[in-house]
Every structure is written in C-alpha cells, then in structure tokens.
There are 2 protein chains.
Amino acid sequence: MTGLNSDSAQYLISTVSKRSGVKSDLVRAWERRYQAVTPTRTAGGHRVYTDQDIARLKLLNQATGNGHSISQIARYSLDDLKNLIKDEAGAVIPVLNGKTTSVSDRVYLTEDYIEKCYAAVLAFDARMLESHFENAIVELGTEVFIEHLLTPLLTRIGERWISGELRPVHEHMTSSVIRSLTYILRNNNPRAANAPRMIVSTPIGQLHELGALLAAIMAELSGWQVTYLGANLPAEEIAAGVKYTNACALTLSLSFATDDHIVAKELRRLKKLVGNNVAIIVGGRAASHFQGVLNEVGVLNIHGYAHFRQILNELAAKNLEQES
Amino acid sequence: MTGLNSDSAQYLISTVSKRSGVKSDLVRAWERRYQAVTPTRTAGGHRVYTDQDIARLKLLNQATGNGHSISQIARYSLDDLKNLIKDEAGAVIPVLNGKTTSVSDRVYLTEDYIEKCYAAVLAFDARMLESHFENAIVELGTEVFIEHLLTPLLTRIGERWISGELRPVHEHMTSSVIRSLTYILRNNNPRAANAPRMIVSTPIGQLHELGALLAAIMAELSGWQVTYLGANLPAEEIAAGVKYTNACALTLSLSFATDDHIVAKELRRLKKLVGNNVAIIVGGRAASHFQGVLNEVGVLNIHGYAHFRQILNELAAKNLEQES
DNA sequence: GTAATTTTGTCAATGTTTTGTAAAGCTTTA
DNA sequence: TAAAGCTTTACAAAACATTGACAAAATTAC
C-alpha cells in the first residue's frame, strides 16, 4: 500500500455513490436529513468524502436493506454498524416454529452463551452452568440451543480435554448437568405415540458420554423415542437394551481413539447380537479412527448435525412403512 | 466492545415485530392497554424500541403462549419474565389443589407405585417409568417419594440384579430416567445461596450409580449444593472435583462387593488427596464389605435414610459455624 | 350450567411521518 | 462550455399512529 490513509484519501460524490452503492441524491438526502455523513467541502462547495465515509455508506445501505430505518441508524459509529450487519448475517431461514425471533439473532446470542457456559465448566460451577443452560433454552429455543450452543460447546470441551486444559471431572460434571436438563428439552417437544425407538450408549472402553448424550437429545427432538443407557456398556447389555425396547436403531458415540482392539471387538459382537434389522449409527470425534471396523460391520457413520438428522428421518420413514 | 449496548440500539416497530414475533398491532395494543413496553418516540411520533424491549416482547409472547394472561404479566421485569418461562420449561404443574392426603395414605399409595415402577423397569419401559415417577412426585411429594418409593425401589433393583432377574442395562436405564428427573426434584426445593457443598460419586470399579444418585438427591433436598459426578471415577478426579467446588463433604456409594483391592486403594488415595477438612461419607449395599478400610481411613458410614439426613444436618451445622 | 362480563387479538378507516426519487435553477470544475 | 455538483422544493409509496370497533376466548357472576 501507499501512504494513503483513510484520512487523506478524498472522493467526490459520484465516486462515493459508485463505490458505496447509494445514489448521489440519496447520499445528499441522508446527509441533509440525518447527518449520516459529514463530508468536508471544496472552496466551491463540492462535497469531499473519505474512505471511512464510503465504508459507512456501504454499511448503512446494507442495514436499510435489512429493514432498519435510516433515521434510526444514520448516526451509528462504524463499529456499531458492523455489529448490526453481523447480527443479521445468518438470517437465511427466518422461521423456525412460526413465531419466535429470527435465527440469526439467536445464533449471534449463542456465541455469548457459549463463552459463559464454557467459563462455568472451567470454573467447575455446575449451578452456573445449569443456569446458563436454562436461560439459553428459553431464549434460543431448543433447536438453536442444541445445534449452535451445545454442539460447539461439547466439541470445545473435547478439544480442551485433549489439550489438558480440562480434566475428566469437568466432563463428568457437564454430563451430569446436561442429563438433568434432558427433562426440559424433551418436554418441549411432545413425542408421537408410535415413534420409532432407539438405544443410545457407548461401547466398553469409551467413557466419554457427552457425544452420546447429544445424540440422544437430537434424536428425541427429531421425534424418536430414545432410551439412553449411559457410557461404557458391554455389547451384551446394549444388545439386551435393543431387544427389550424393540428398537430399530442403535446409536453409539466414539469419542476417544484407542489402539487396543476392544472397540472393534465390541462392535463386531454387537452386530452379531442385534442382527441386520437394527440400524447401527456411529458418531463422535474418534469415529473415523475406527473406520475399518465400521465398514466391516456396516454401520452408518455420522458426519455432522445435519447428516444425523437426515439419517434419523430416513430411518424413521423406513420404519414407518415397514410397520404399515 | 462497541458502544452499541442494549440501551442505545433502536428499532422501529416493524423490526421489533419481526424480531419478537409479536404483530405490530399487538405490540401497540399491549403498550396502550398495559404499558408492556414504553418506547420513546421520534420527533414525528414513531415508536422507537431498544433491545431490551425486544427481549421483553419475546418473553411476553412466550409466556402468553404458555397460558399466562397478558394483563397479569405485562409489567413484569425482564428477570421475572425469564423466571416465569424457566419455571414452565419443566412444567409439571405440581399443584394438588389444596386437598392434602394424609401421610399414611400416601405411604400406602407408594406400595402401589413401587409395583408399577418396578414393573416398568422389568419391562424396560423408560417412558412408563418416567411417567410413574412424575405422577408419584406430584402425588406423594418429594420427601415421601424419595424415602418411601425411590429408596425401596432402588434397593429392590439391587437385589434383583444380584439374583439375576435384572441385567445391568436395567440399572443403566433406571439411572438415566432418575437423572433426568433430578431437575424436577431439585426445583421444588430452592437452595440457599450459602449452602454447604458436596461432591457425590463412586470410586473406580464401582459401576452402579443408583446409590450415588439417591444420595445426591437426598443431600440436595436437605439443602446442600451437590455436584454429582457419576460413577467409576479415579481418586484424582474426585479429589479435583472436591477442590474445584471447595466442597466440605464427599459422598461415595459402594454397591458392589469386590475382592480386589482397588476400592481400598482408591479410598486411601482419596483420603490423602482431600485431607482432613473434607468429610468423607460412604453408603451403599456393599459398604460393610469394605469396613476395614473405612475404619482405617476414617469415613462416616451411612446406616439408612434417617442416619444420612442426620449426618447431613450435623455437617451443615458444623460448616456453618466454621464459616461465621 | 348458563348468562353476563371482561379480556384479548385483530382489523379498518383516516391522517401523519418517513424516505427514496426527481425536477428546476444555479454554481463549480475540468 | 459541458459535465458534474449544489440547493431547494416537491412528490408519492411505504410505514406508522390513532381511534374505534368487533368477535372469540376466558372469567366471573348468577
């Protein structure tokens, strides 16, 4: 770059109009009516603008396009305008449950909540964590809560656990809080009577239950009737659960990559025990580490939230038509 | 941060309507009739709202959706509204219409409930179990529920597990249901701010968490602030939990008598790690099996429900006088 | 249980404000 | 001198405000 900084660079109104996308007439109107920009003048009275002015007008243009009234935002600072735009950036699907706020707002709020929640985890403050969760559920709605708060939060906890910032207890405490919250989460979405049934657990050797919990909650919200069994269960027990509930799907979470062959062995046994009529779904940070067995046994491997939902819907549909 | 705080940001009514989900007409009606919001005005008379107003309307919208009459709640503070919504999230409506049943009636009722609940466990029907629990909590009250339903039920499950009638999965499923219920149980009894803190867990090798769960719930109901960590944790982790929360008591449940020396070793390490200022309480079916170590380490051994309550009260009193 | 009353969401009619656009007439600039 | 800019004035569509009314729903009274 040259030495041109934003103060020295100067433009006439036609240039500004082209670069900001706001018609000249309108630029003048905004100045006259609301002092949206305050250009200096040449000796002859022509307006002279800076780069900052252009940036400002660009943002104002975008904001008004988003429904904000120019009179209200005309005098906002550059930073404030940026925030305003950022808030609206994700506004793609503005309707979730009919009423309630736009998704983008809630997604934005989420970042705040994630920070607060993570801080509570780090401080090992279960009450605080629970309180934040409660507020978040109320404010964001269950869908957004799960997808944009819980999922990234748990991912982060997983990472920090690996890096050593968090200890296993942190995870246990968090699981505990979340488990007690499942009650609220579930109650918000009434289940159908003939909902397809699913077992969620983790195989022996997999002690981390956060992933499994998340899967259980997601499945519940997708209309499944989930029986959550907790972590670290032998294949026989999981299979027994499947049989007892007559579940048509079994979701396992693999969060930790182990080099022993326990998980592989358990998966094979599981497959043999539950047979071919039960779909086995596997997800979790370490799932790819076990890719070999997963392929061999023939399980559905989850890639992200959306994918899981898709799998759930497909399975539910298949299950429905089998029943009829 | 920028200067765009919740006071400065301003919106016109259409934006507010979009974000809060309340139609413009209705926003105005609520203002006119109940002063639900009190926006400022532009020079021309247009209403101008803040972020707070939007949050308010959002909550009001939700609350009215929940059956509250707008005239009653229109002037609530933001916090009150949040609480209103939060309380409803767990919506059990624990109202018994004033009519109280005698304690004896309720104890009698419990036997009925125990049978139903046990049948649900045996049938591996988590929904049914949860449903019975919910009804029982409402009908019996938390105290009776815990003492006369949950305690004997869990004892019975332990026995039947030994006899082979039940499998480990049954216990896992039951734990899962109870954990999700802790939310209701806790919410009925608000805790004091300066409540004494406690950690509840089970040591490595002790996979059964029902006893620990029960202890956690009891302690909560006795006014303790409990952090429940789940089962099967190494001494270091439990000790870390104690340190993080600054707990003055640690309750462990020992349900299964093992002949290896793991539990004994863990208990000794635990004692060394937490020091003498933290009371270690041990309960559970198999506690007596480890009597040797328990004496050596110097723990409080629980004998029944009443005894546990007594211990809790004594400790709480001691803790209180130490703090003052 | 029914009738009277109140609450509450919605709408319509009518007038005002906001806001983008544009024309007219004059001035500056290249 | 032609192009671009300035100011003033005007205009119309969209959005907003106010008032008053109405009917369904919820409460209350009988």
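**A guided look at two chains and a DNA strand**

Guide: This is a predicted model. The surface near DNA strand C is made up of eight nonpolar, 14 polar and four charged residues.

Visitor: What makes a residue such as A:Gly44 count as near DNA strand C?

Guide: Its C-beta atom, placed from the backbone, has to lie within 6 Å of the strand. There are 26 residues around DNA strand C, and A:Gly44 is among those that come nearest, along with A:Ser71, B:Gly44, B:Ser69 and B:Ser71.

Visitor: Which helices supply at least two residues of that surface?

Guide: Helix 2 (24-34) and helix 4 (70-73) do, in chain A and in chain B.

Visitor: Why is A:Leu250 said to be in contact with A:Val274?

Guide: Contact calls for C-beta atoms within 7 Å. A:Leu250 and A:Val274 are listed as a contact, so their C-beta atoms fall inside that cut-off. Other partners of A:Leu250 include A:Met198, A:Ile238 and A:Ile281.

Visitor: And which residues have the most contacts inside the largest nonpolar core?

Guide: They are A:Val200, A:Leu250, B:Val200 and B:Leu250, in a core of 164 residues. A second, separate core has 16 residues, including A:Trp30 and A:Tyr49.

Visitor: How many residues does each chain bring to the contact between chain A and chain B?

Guide: Chain A brings 46 residues and chain B 49. On the chain A side, helix 9 (168-188) is one of the contributing elements, and helix 9 gives the most, with 13 residues. That side divides into 15 nonpolar, 22 polar and nine charged residues.

Methods:
Residues numbered from 1 in each chain as written. Chains lettered and ligands numbered in written order. Predicted model: local features only at pLDDT ≥ 70, side-chain atom pairs only at ≥ 80, totals over all residues. Helix = DSSP H or I, 4+ residues; strand = E, 2+ residues; numbered from the N terminus. Nonpolar A, V, L, I, M, F, W, Y, C, P; charged D, E, K, R; others polar. Core = buried A, V, L, I, M, F, W, Y, C linked by C-beta atoms within 7 Å. Buried ≥ 20, exposed ≤ 12 C-beta atoms within 10 Å, placed from the backbone. Contact = placed C-beta atoms within 7 Å. Lists of a residue's contacts leave out its neighbours within four places in sequence.
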